[in-house]
Amino acid sequence: MNTETPLTLAVLGTGLIGAPVARNLCRRGSNVRVWNRTAAKAQALTSDGVIACDSPAEAVQGADIIVTVLKDAPAVQAAMQIAAPALRQGAIWLQLSTVGIEGAGALAALAGQLGLVFYDAPVQGTRQPAEMAQLIILASGPVAQRDVVQPVFDAIGKRTLWVSEQAGASSRLKLALNHWAFALTHGLAESLALARGLGVDPTLVVDVVSGGPMDSGYFQAKAAAILADNYAASFSIANAAKDARLVADAAAQSGVRMDVALAGLARFERALAAGHGDKDMAASYLA
């Protein structure tokens, strides 16, 4: 970001998405302080010029913008409550985690209590897009300070979609998008599993789809992972199960019947129970 006085940013959460977010912000000229519950993950970023902190309060001290990239709403809320005494009144809070409808509402309310300007901004994309600063940011929040936060989004993503002035709209959109990603994942996993179960080489499924109207980069990446038995996590089964539960809960609240969502949640939970939680969600194939 090209500003005369570099912004000071605090990134709370340095997992698969948070770590590259912090790196990319630092590379664009911001002063970046990070905290993670597992301290070693934060310390691993110091070679990139990021300052690792021992607590959320230490990380947010003097920060112009706080970025939360934690697992779920309770984790975000807990970190921000610990950080509360050190927060600067009027600081901007960019909330990137997938937290669901109720979670987004609770965090927006907390922001009001803490005197922060809140942007509901979950991201579309997994580890690789995050590393390449190619995330899509689904942003909702007040118009007044969008010119301040836009350079931050530009540093971590390839596109920002401004959804609404009202916090929560982006989190609702994220649930619909996650459902589509999960449906694609399960459909591919089950197709390859069925081919193998029927005694057909599953690579033939990929061969037929490749270059046709059903092909996509996502299809190719997940198919390659499954066929190579390589489940290094880009987005883990544990996180997918958490988000699939948010989708199912949202569907129930809105009165939308979603048979595929419920079946997909059961499949993720089966993979989780089988010990595949740390593997990529392509491990739906193993369920």
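With 287 residues, the protein would be expected to have a radius of gyration near 19 Å if it formed a compact globule, and the value of 20 Å agrees with this; the radius is taken over C-alpha atoms, and the globule rule is 2.2 Å times the number of residues to the power 0.38. The structure is a predicted model, in which local features need pLDDT of at least 70 and side-chain atom pairs count only at pLDDT 80 or more, while totals for chains, interfaces and linings use all residues. Residues are numbered from 1 along each chain as its sequence is written, and side-chain values use heavy atoms, with hydrogens and water left out.

The C-alpha trace spans about 65 × 45 × 35 Å along its principal axes. The protein contains 12 helices and 9 strands, these being DSSP runs numbered from the N terminus (helices: H or I, at least four residues; strands: E, at least two). Of the 287 residues, 49% count as buried; buried means under 20% relative accessible area, exposed over 50%, and partly exposed in between, with a 1.4 Å probe and protein chains only. Among contacts (heavy atoms within 4.5 Å) between residues at least 6 apart in sequence, 64% join residues at least 24 apart.

Helix H1, residues 18-27, is mostly covered, with 8 of its 10 residues buried. The buried residues are Gly 18, Ala 19, Pro 20, Val 21, Ala 22, Asn 24, Leu 25 and Cys 26. They pack against strands S1 (8-12), S2 (31-35) and S8 (135-140) and against helices H6 (127-131) and H7 (146-156). After H1 comes Gly 29, which has a positive phi near 105°.

The structure holds 8 salt bridges, each defined by a side-chain nitrogen of Lys or Arg within 4 Å of a carboxyl oxygen of Asp or Glu. One of them joins the side chains of Asp 64 and Arg 88, at 3.7 Å from N to O. Asp 64 lies in the loop between helix H3 (56-60) and strand S4 (65-68), and Arg 88 in the loop between helix H4 (73-83) and strand S5 (92-95), so this salt bridge ties together parts that are 24 residues apart in sequence. Both residues are partly exposed, Asp 64 with a relative accessible area of 24% and Arg 88 with 36%.

A salt bridge between helices is formed by Arg 267 and Glu 190, whose closest N and O atoms are 3.2 Å apart. Arg 267 belongs to helix H12 (residues 259-273) and Glu 190 to helix H8 (residues 169-197), so the pair connects parts that are 77 residues apart in sequence. Arg 267 is buried at 9% relative accessibility, whereas Glu 190 is partly exposed at 43%. In a further salt bridge, Asp 280 meets Lys 222 with the closest N and O atoms 2.7 Å apart. Because Asp 280 is in the segment after H12 and Lys 222 is in helix H10 (residues 217-227), this pair ties together parts that are 58 residues apart in sequence. Asp 280 is buried at 3% relative accessibility, and Lys 222 is buried at 8%.

Asp 120, in strand S6 (residues 117-120), is buried but has no salt bridge; the nearest side chain of opposite charge, that of Arg 172, is 6.8 Å away. For this purpose Lys and Arg count as positive and Asp and Glu as negative, and His and the chain ends are not counted. The side chain of Asp 120 reaches the backbone nitrogen of Ser 170 at 3.3 Å. Not counting residues up to four places away in sequence, the residues touched by Asp 120 include Gln 95, Leu 138, Ser 140, Gly 168 and Ser 171.

Rings of Phe, Tyr and Trp (its six-membered ring) pair if their centres lie within 6.5 Å, with planes under 30 degrees apart counted as stacked, over 60 as edge-to-face and the rest as tilted. By this rule there are 4 aromatic pairs. The rings of Trp 93 and Phe 118 have centres 5.0 Å apart and planes at 80°, so they are edge-to-face. Trp 93 lies in strand S5 and Phe 118 in strand S6, so this pair ties together parts that are 25 residues apart in sequence. Trp 93 is buried at 0% relative accessible area, and Phe 118 is buried at 9%. Tyr 119 and Trp 162 also form an edge-to-face pair, at 6.0 Å centre to centre and 70° between the planes. This pair links Tyr 119 in strand S6 with Trp 162 in strand S9 (residues 157-164), 43 residues apart. Tyr 119 is buried at 0%, whereas Trp 162 is partly exposed at 23%. Ring pairs link Tyr 119, Phe 153 and Trp 162 into a cluster.

Methods:
A polar contact is a pair of N or O atoms within 3.5 Å; within protein, one must be able to donate a hydrogen and the other to accept it, and residues adjacent in sequence count only if both atoms are side-chain atoms.
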